[in-house]
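Biologist: I should like to learn how features of a model are read, one at a time. Please give me the general idea in each case and then apply it to the example before us.

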Amino acid sequence: DNPVADADVWVRTSTDDDGPVVASGVTDNFGQITFHLDPGTYYRWAQKSGVNFTNPQSFTVTDE
C-alpha cells in the first residue's frame with residue numbers, strides 16, 4: 001500500500017524459493033514495475049533493506 005522505490009522484485013511460477021525466476025527488476029520512484037507475462041498464476045517476491053514485504057505474494061494475469 002505504500003510505494004517503495006528501488007526495491008528488488010522477482011516473479012516465479014511457484015512458491016518454491018528455488019524455482020525459476022521468470023521476470024525481475026527494480027521498482028521506479030513511484031514504487032512501480034512492469035512485467036509482460038503470459039496468462040497464469042505467479043508469485044512475486046520483493047526486498048529492500050529496511051522494508052518488510054510479505055513474500056511470496058500471489059497474483060493472476062488474465063488474457064483480457
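**Reading a model feature by feature**

Modeller: H36 counts as exposed, at 79% relative accessibility. The term exposed stands for over 50% relative accessible area, buried for under 20%, and partly exposed for values in between, with a 1.4 Å probe and protein chains only. Before we proceed, note that this is a predicted model, in which local features need pLDDT of at least 70 and side-chain atom pairs count only at pLDDT 80 or more, while totals for chains, interfaces and linings use all residues. Residues are numbered from 1 along each chain as its sequence is written, and side-chain values use heavy atoms, with hydrogens and water left out.

Biologist: Where is H36 found with respect to the strands?

Modeller: Helices (H or I, at least four residues) and strands (E, at least two) are DSSP runs, numbered from the N terminus. H36 belongs to the loop between β2 (21-26) and β3. Its C-alpha atom is separated by 9.6 Å from that of V61, a residue 25 positions away along the chain.

Biologist: How many helices and strands does the chain have?

Modeller: The chain has zero helices and four strands, and the order from the N terminus is β-β-β-β. To judge the overall form, one takes the radius of gyration over C-alpha atoms and sets it against the globule rule, 2.2 Å times the number of residues to the power 0.38. Here the radius is 12 Å and the rule gives 11 Å for 64 residues, so the chain is as compact as a globular protein of that length. Along the principal axes, the C-alpha atoms fill a box of roughly 30 × 30 × 20 Å. Of the 64 residues, 25% count as buried.

Biologist: How is a pocket read, and what volume does the largest pocket have?

Modeller: Rolling a probe the size of a water molecule over the atoms shows where empty space is left. A 1 Å grid is laid over the protein atoms alone; a cavity is a set of points where a 1.4 Å probe fits but cannot get out, whereas a pocket is an open set with protein on both sides within 12 Å along at least five of seven lines, and lining residues have an atom within 4 Å of a point. Grid points are joined across faces, edges and corners, and the volume is the space filled by probe spheres set on the points. The largest pocket here has a volume of about 350 Å³.

Biologist: Which residues lie nearest its centre?

Modeller: V9, G31, R44, A46 and F53 do, out of 19 lining residues. The elements giving two or more residues to this lining are β3 (40-47) and β4 (57-61); β4 supplies the largest share, three residues. By type, the lining holds ten nonpolar, seven polar and two charged residues. In this scheme Ala, Val, Leu, Ile, Met, Phe, Trp, Tyr, Cys and Pro are nonpolar, Asp, Glu, Lys and Arg are charged, and the others, Gly among them, are polar. F53 itself lies in the loop between β3 and β4 and is partly exposed, at 26% relative accessibility.

Biologist: How should aromatic contacts be read?

Modeller: A pair of aromatic rings is described by the distance of the centres and the angle of the planes. Rings of Phe, Tyr and Trp (its six-membered ring) pair if their centres lie within 6.5 Å; planes under 30 degrees apart are stacked, over 60 edge-to-face, and the rest tilted. The count here is one aromatic pair. Y42 and F59 form it, stacked, with 5.8 Å centre to centre and 25° between the planes. Y42 is in strand β3 and F59 in strand β4, so the pair ties together parts 17 residues apart in sequence. Y42 is buried, with a relative accessible area of 7%, whereas F59 is partly exposed at 28%.

Biologist: Which ring has the charged end of R12 over it?

Modeller: A charge sits over a ring if NZ of Lys or CZ of Arg is within 6 Å of the ring centre and within 35 degrees of the ring normal. The charged end of R12 sits over the ring of W45, 5.2 Å from the centre of that ring.

Biologist: What of the backbone?

Modeller: Most residues other than glycine have a negative phi, and most peptide bonds are trans. D6, although not a glycine, has a positive phi of about 60°. D6 lies in the segment before β1 (8-12) and is partly exposed, with a relative accessible area of 49%. The peptide bond from N55 to P56 is cis, with omega near -10°, and P56 is placed in the loop between β3 and β4.
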